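Reader: I would like to learn how to read a model like this one, feature by feature. Could we go through it together?

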2 protein chains.
Amino acid sequence: MSAEVVSLRPRGSQPSLAPILALTAAGMNSVNAVILERMQSEIPLIPALAGHLISGGGKRMRPMLTVAGAELCGYQGTRHHKLAAAVEFIHTATLLHDDVVDGSDLRRGKAAANIVFGNPATVLVGDFLFTRSFELMVEDGSLRVLKILSNAASVIAEGEVDQLTAQRHIETSEERYLSIIGSKTAALFAAATRIAAVVAERSEAEERALDAYGRNLGIAFQLVDDAIDYDSESQESGKDKGDDFREGKMTLPVILAYARGTAEERKFWEEAIAGFRTEDEDLAHAVELINRHDCVAATRERARHYAQRAIDAIAGFPACEARSAMAEAAEFAVARRY
Amino acid sequence: MSAEVVSLRPRGSQPSLAPILALTAAGMNSVNAVILERMQSEIPLIPALAGHLISGGGKRMRPMLTVAGAELCGYQGTRHHKLAAAVEFIHTATLLHDDVVDGSDLRRGKAAANIVFGNPATVLVGDFLFTRSFELMVEDGSLRVLKILSNAASVIAEGEVDQLTAQRHIETSEERYLSIIGSKTAALFAAATRIAAVVAERSEAEERALDAYGRNLGIAFQLVDDAIDYDSESQESGKDKGDDFREGKMTLPVILAYARGTAEERKFWEEAIAGFRTEDEDLAHAVELINRHDCVAATRERARHYAQRAIDAIAGFPACEARSAMAEAAEFAVARRY
């Protein structure tokens, strides 16, 4: 039962990231120092472009999971700082390439790197960060960690291509969508958390538990991300609202609205996802249809299911500050409005 | 003296790739099998796009250097097949990203992947091949090889960004140009050859010798590539002739023609590299100026210097078929017209 796991939090209060932020604050300071140091290069364009995105903030969820996982495992060393930075570099590289692929205008509330620096530099600096990530892992020297993270990176790339293939295809199923977000998002959440158990030299079962926590949290996180893009009650997400709609991305709110819609509504979705309805009034209509069929709420309900699985995956660890903070982070992933 | 090293070849004959192709034929069959097997994915777009480039041929110089280096070291195992495939995947990934960055139309004599499949898919499949390359290295399990290749990959990415920064800048020096091609091309040639000594468990000095062979060969190779783009006597290169000119790339033939030119000629180069002279007649004029000042020949002379250094770098190995074939490959790199 999740009630036991999240017992530190008063019933009825809103879940928050505050406990996991407090838990990981010291560790994340070290991780951020590695990130800043290792994004440097003698080629000035590299730190300029990388810094544009990296100093733009972001929640740093993935390296935070490595640090939190290390706390949960009682790890006392510092190896995970470099590895957490490697995880963030993989993520940053995929964000840069995503923004080129999607032709994004906004990222983390400011102009996307591709807009400021152009597509060519954005592709190449993404490549640089990706290679730098592998250099960090090789410096650490654990083949087991290298295997986990290189496999995750490969799965992410496959997921990105799969998402591209599904784009503008109205017949995309919920199963296919779950497979895509499992690859493009959850694989790195899983790997980031799992490697904490590896550096702490915990058992294979504990590795798998951390992997399951990260994977389920990642799915919940992405589901809510995709819900927010159509949620009229959410704050700004830092990217342009309606981007998914205009790009014809088949996310769960759309899949559900199409499945639950009337024949007339389905015709609208077919035209919209094919790219023939991209005006502001079309987006407003899409939001209205999604609300009419409770698809934002249904997407959040799906997310709740995965968050619960994440919480239960780490229930075998002894009760401690780290376990409570990680459980609340999973609850937060569902409840968040930004 | 190189005369000793290349003693198997009759004086006065044209240097050829035939000896290194014969030397590496069996090994390259195994490497090609790994390449074909490991570019597969359940996402059909991945093998379709990767296969478009990979089945388009190419000389496979880099994996061939790994195989040739293994022969030179008398290595009897098969570990280098997987690693040579990893090297080719790194190269393939950079070609795909280069074509997006340059907006190329042609590659290896056919429509470039970005033209056939679009920029988004080309970026993402490049990422996939890059991650697959690391998976292959991790499977091999040598941290020393991982260090050499991850460092090379990082240096390549820096070189690509540096080249982008130098583009359309007429004041780029020969030194800067050499630094760029040392990173974007020679680093992978060096690493590809060096890892043969690692798997063969040869001495550090032998590792460094193979590294120097590959690095100098890579510089010679790129110099001649850049010469061919302006060489009226060369055959088709498989890419569009004049691409470098239209993209404002500061390659050595241009650097020399600018340095040796009159005030009027310099004005032409300034306008052309800035992007204001991109018509066919401008390209014809550029070729004429480059010929007037013997800049193709001068670039080939520079290449000859590096090829000689490559040949001398492996002079300490006992005379054998592999050493002769590698020496002749360096001579071929200078003499080639395609």
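Author: Gladly. Let us begin with a yardstick: the expected span of a helix is 1.5 Å times one less than its number of residues. Keep in mind throughout that this is a predicted model.

Reader: What span should the 22 residues of helix H7 of chain A have, and how far apart are its end C-alpha atoms?

Author: Helix H7 of chain A covers residues 119-140, and at 1.5 Å a residue it should span 32 Å. Its end C-alpha atoms are 32 Å apart, so the two values agree. Just after H7(A), Gly141(A) takes a positive phi of about 90°.

Reader: How many residues of H7(A) are buried?

Author: The count is 19 of the 22, so H7(A) is largely enclosed by the rest of the structure.

Reader: Let us turn to the interface. How is its size usually stated, and what is the area buried between chain B and chain A?

Author: The size of an interface is often given as the accessible area lost when the parts come together. Here, chain B and chain A bury about 3200 Å² between them, and carbon and sulfur atoms give 77% of that. On the chain B side, Leu124(B), Glu158(B) and Val161(B) lose the most area to chain A, together 18% of what that side buries. The contact involves 35 residues from chain B and 35 residues from chain A.

Reader: How many salt bridges and how many residue pairs in polar contact are there across the interface?

Author: The salt-bridge rule finds 0 between chain B and chain A, while 10 residue pairs are in polar contact, both residues at pLDDT 80 or more. As for the elements of chain B that touch chain A, those giving two or more residues are helix H3 (45-54), helix H5 (79-102), helix H7 (119-140) and helix H8 (143-166). H8(B) gives the most, with 14 residues. By class, that side of chain B has 19 nonpolar, 8 polar and 8 charged residues.

Reader: Salt bridges next. What is the general idea, and how many are found over all chains?

Author: Side chains of opposite charge can pair when their charged atoms come close. A search of the whole structure finds 56 salt bridges over all chains. One of them joins Arg107(A) and Asp99(A), at 2.8 Å from N to O, and Asp99(A) is buried at 3% relative accessibility.

Reader: Which parts of chain A does the pair Arg302(A) and Glu174(A) tie together?

Author: The side chains of Arg302(A) and Glu174(A) meet in a salt bridge at 2.8 Å, N to O. Arg302(A) lies in helix H15 (residues 295-313) and Glu174(A) in helix H9 of chain A, so the pair ties together parts that are 128 residues apart in sequence. Arg302(A) is partly exposed, with a relative accessible area of 27%.

In chain B, Glu139(B) and Lys82(B) also form a salt bridge, at 2.8 Å from N to O. This pair links helix H7 of chain B, which holds Glu139(B), to helix H5 of chain B, which holds Lys82(B), 57 residues apart. Both residues are partly exposed: Glu139(B) has a relative accessible area of 40%, and Lys82(B) is at 29%. Salt bridges that share partners also join Arg144(A), Arg194(A), Glu204(A), Glu207(A), Arg208(A), Asp211(A) and Arg215(A) into one network.

Reader: Now a polar residue in a helix. Is Thr92(A) buried or exposed?

Author: First, a helix reminder. An α-helix has 3.6 residues a turn, so residues three or four places apart point the same way. Thr92(A) lies in helix H5 (residues 79-102) of chain A and is buried at 1% relative accessibility. A polar atom of the Thr92(A) side chain is 2.7 Å from the backbone oxygen of Glu88(A). Beyond its neighbours up to four places away in sequence, Thr92(A) touches Leu53(A), Ile54(A) and Leu129(A).

Reader: And where is Thr172(A) placed?

Author: Thr172(A) sits in the loop between helix H8 (143-166) and helix H9 (174-199) of chain A, and it is buried, with a relative accessible area of 7%. The side chain of Thr172(A) has a polar atom 2.7 Å from the backbone oxygen of His169(A).

Reader: Finally, which phi value does Arg108(B) have?

Author: Arg108(B) has a positive phi of about 55° although it is not a glycine. Arg108(B) belongs to the loop between strand E1 (106-107) and strand E2 (110-111) of chain B, and is partly exposed at 22% relative accessibility.

Technical notes. Residues numbered from 1 in each chain as written. Chains lettered and ligands numbered in written order. Predicted model: local features only at pLDDT ≥ 70, side-chain atom pairs only at ≥ 80, totals over all residues. Heavy atoms only, no water. Contact = heavy atoms within 4.5 Å. Buried area = accessible area lost by both parts, 1.4 Å probe. Salt bridge = Lys/Arg side-chain N within 4 Å of Asp/Glu carboxyl O. Polar contact = N/O pair within 3.5 Å; in protein donor to acceptor, adjacent residues only side chain to side chain. Helix = DSSP H or I, 4+ residues; strand = E, 2+ residues; numbered from the N terminus. Nonpolar A, V, L, I, M, F, W, Y, C, P; charged D, E, K, R; others polar. Buried < 20%, exposed > 50% of the residue type's maximum accessible area, 1.4 Å probe, protein only.
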